Amino acid sequence: MRRSIFLAGLAVASLVASVAGASAQQRMVRVGVLECRGGASVGFVVGSVTNLGCVLRADSVPDDRYVATIRKVGLDIGITQETALAWGVFAPVDRLGPGDLSGNYAGAQGSASVGVGLGGNVLIGGSNNSIALQPLSVQGQVGLNVAAGLESLELRPGR
């Protein structure tokens, strides 16, 4: 299990470095925080699918709701009762309109939990791959799980 956690951390760290280099070439502004919560999920040896409810919180604009589907490919073994994620949202503009985060994002992820656990995600995507969800997000989960690999996130306008 320690080796899996190490490999997960290594995967996330390498993607953080590549995202940081790409972001340096384009001016990115922090526009808000995307908070997501979801219920139970079961990880299989080669991946998992998790559905979440999300809200983008930004200064001086109403909350913008989304429905998220996260798909993981790689090592993903265990069961989590609930998951909460929060990303800083960076874009080439200083304000996003309703639904502007909709789209597909991809990156690397790693997480582990025995009871309460933590994880990290690095995701780039959205309109013309111009939006970054904080180079390293924080994920909290409750359950027994270890995961490392590639991750995709699909955001759709919510209710």
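Strands S1 (29-38) and S3 (47-57) each supply at least two residues of the lining of the largest pocket. S1 gives the most, with 4 residues. The model is predicted. Its protein chain has 159 residues, with 1 helix and 7 strands.

**Largest pocket**
- The space in the largest pocket is about 310 Å³.
- Its lining is made up of 17 residues.
- Val31, Gly32, Ala58, Asp59 and Val61 are the lining residues closest to the pocket centre.
- By residue class, the lining of the largest pocket has 8 nonpolar, 7 charged and 2 polar members.
- Among the strands, S1 covers residues 29-38 and S3 covers residues 47-57.

**Fold**
- Along the sequence, the elements follow the pattern α-β-β-β-β-β-β-β.
- The helix therefore comes before the strands in this pattern, given that helices and strands are numbered from the N terminus.
- Contacts with a separation of 6 or more can be split by distance along the sequence: 75% of them join residues 24 or more positions apart.

**Burial and surface**
- How much of the protein chain counts as buried? The share is 43% of the 159 residues.
- Buried here means under 20% relative accessible area.
- The protein chain exposes about 8200 Å².
- Carbon and sulfur atoms supply 60% of that exposed area.

Methods:
Residues are numbered from 1 along each chain as its sequence is written. This is a predicted model: local features need pLDDT of at least 70, side-chain atom pairs count only at pLDDT 80 or more; totals for chains, interfaces and linings use all residues. Side-chain values use heavy atoms; hydrogens and water are left out. On a 1 Å grid over the protein atoms alone, a cavity is a set of points where a 1.4 Å probe fits but cannot get out, and a pocket is an open set with protein on both sides within 12 Å along at least five of seven lines; lining residues have an atom within 4 Å of a point. Grid points are joined across faces, edges and corners, and a volume is the space filled by probe spheres set on the points. Ala, Val, Leu, Ile, Met, Phe, Trp, Tyr, Cys and Pro count as nonpolar, Asp, Glu, Lys and Arg as charged, and the others, Gly among them, as polar. Buried means under 20% relative accessible area, exposed over 50%, partly exposed in between (1.4 Å probe, protein chains only). Contact means heavy atoms within 4.5 Å. Accessible areas come from the Shrake-Rupley method with a 1.4 Å probe; for residues, only the protein chains shown count as cover.
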